[in-house]
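User: I am new to this structure and would like to understand the reasoning behind the terms used to describe it. Please take me through them step by step.

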Amino acid sequence: MSISSLFSALVGLAMLAGCFWFILHLQQKRWNWFSSRFGVRQIPDEIASKPGAAIVFSSAPNRELLASDYTTCRSITLAMHRKGLSVRVRGPNYYANQPFLLPFEGLRVQPSRWPDLLYDTVAVSHRRLPGAYLIMAKDDIDWAIAQGAPITIGQHEESR
């Protein structure tokens with residue numbers, strides 16, 4: 001193999017690695033909305049946990065017709081703690097996503113319309129992070145409420 005062929009192969013591999021890194025960075029952008037404010041290195045003791053349904057990170061509580069400002073995360077674990085709800089990625093799809101803990105104080109849950117998901121959804125937001133929503137299965141929030149979470153499902157923001 002000549003030096004120019006070896007150089008071309010290395011440049012090609014570097015470009016491929018760069019493309020993978022860029023795609024991974026774009027996938028983590030919306031996860032980082034929440035983990036930059038609520039991220040924890042060590043998750044506190046959990047009361048209960050369950051594999052959650054797919055969640056959507058969005059800038060709007062409802063899915064509009066041509067909206068593209070959202071990211072779906074399919075394999076998460078939802079856990080109940082004394083002070084909040086934690087969300088973390090289930091293995092083997094960690095992708096270096098830092099788990100985050102949403103404190104109950106300041107947490108708002110409202111009904112949501114998200115036709116891409118095949119179940120009833122709610123939009124979860126926090127007052128410390130305005131304009132960012134976690135679209136979750138209503139059953140997951142009902143599970144958290146059944147575990148003793150001090151949250152309720154409120155009204156749509158538009159109707160307030």
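Analyst: A salt bridge is a side-chain nitrogen of Lys or Arg within 4 Å of a carboxyl oxygen of Asp or Glu. Please note that the model discussed here is predicted.

User: Why is the pair of arginine 88 and glutamate 46 called a salt bridge?

Analyst: The closest N and O atoms of arginine 88 and glutamate 46 are 3.5 Å apart. The cut-off is 4 Å between a nitrogen of Lys or Arg and a carboxyl oxygen of Asp or Glu, so the pair qualifies. The pair links distant parts of the chain: arginine 88 belongs to strand 5 (residues 84–89), whereas glutamate 46 is in the loop between helix 1 and strand 1 (48–52), 42 residues apart.

User: Are these two residues buried or exposed, or what else are they called?

Analyst: Partly exposed covers values between the limits of 20% and 50%. Arginine 88 has 24% relative accessibility and therefore counts as partly exposed. Glutamate 46, with a relative accessible area of 36%, is partly exposed by that rule.

User: How many salt bridges does a search of the whole structure find?

Analyst: The search finds four. Among them is the one between glutamate 105 and arginine 127, with 3.4 Å from N to O. Glutamate 105 lies in the loop between strand 6 (100–103) and strand 7 (107–112), and arginine 127 in the loop between strand 8 (121–126) and strand 9 (129–137), so the pair ties together parts that are 22 residues apart in sequence.

User: What makes glutamate 105 exposed, and what is arginine 127 called?

Analyst: The relative accessible area of glutamate 105 is 62%; exposed means over 50%, so the term applies. Arginine 127 has 49%, which is under that limit and not under 20%, and therefore it is partly exposed.

User: How do you know that lysine 138 and aspartate 142 meet in a salt bridge?

Analyst: Their N to O distance is 3.1 Å, and the cut-off of 4 Å is therefore met. Both residues lie in helix 2 (residues 138–146), four residues apart, about one turn of the helix. Lysine 138 is partly exposed at 30% relative accessibility, and aspartate 142 is partly exposed at 29%.

User: Why is phenylalanine 57 called buried?

Analyst: Phenylalanine 57 has 2% relative accessibility; buried means under 20%, so the residue counts as buried. Phenylalanine 57 is part of strand 2 (residues 55–58). Leaving aside neighbours within four places in sequence, its contacts include Trp31, Phe34, Tyr70, Phe100 and Leu134.

User: What makes leucine 13 exposed, and which surface patch includes Leu13?

Analyst: Leucine 13 has a relative accessible area of 55%, and because exposed means over 50%, the term fits. Its place is in helix 1 (residues 3–38). Together with Met1, Leu6, Leu10, Leu16 and Phe20, Leu13 makes a nonpolar surface patch of about 710 Å².

User: What does the protein chain look like as a whole?

Analyst: Its secondary structure comes to two helices and nine strands, in the pattern α-β-β-β-β-β-β-β-β-β-α along the sequence. Of its 160 residues, 40% count as buried. The C-alpha trace spans about 70 × 40 × 30 Å along its principal axes. The chain exposes about 9600 Å², of which carbon and sulfur atoms supply 58%.

Conventions: Residues are numbered from 1 along each chain as its sequence is written. This is a predicted model: local features need pLDDT of at least 70, side-chain atom pairs count only at pLDDT 80 or more; totals for chains, interfaces and linings use all residues. Side-chain values use heavy atoms; hydrogens and water are left out. Patches are made of residues with over 30% relative accessible area and no salt bridge: like charges are joined within 9 Å, nonpolar side chains (Val, Leu, Ile, Met, Phe, Trp, Tyr) within 5 Å. Accessible areas come from the Shrake-Rupley method with a 1.4 Å probe; for residues, only the protein chains shown count as cover. Buried means under 20% relative accessible area, exposed over 50%, partly exposed in between (1.4 Å probe, protein chains only). Contact means heavy atoms within 4.5 Å.
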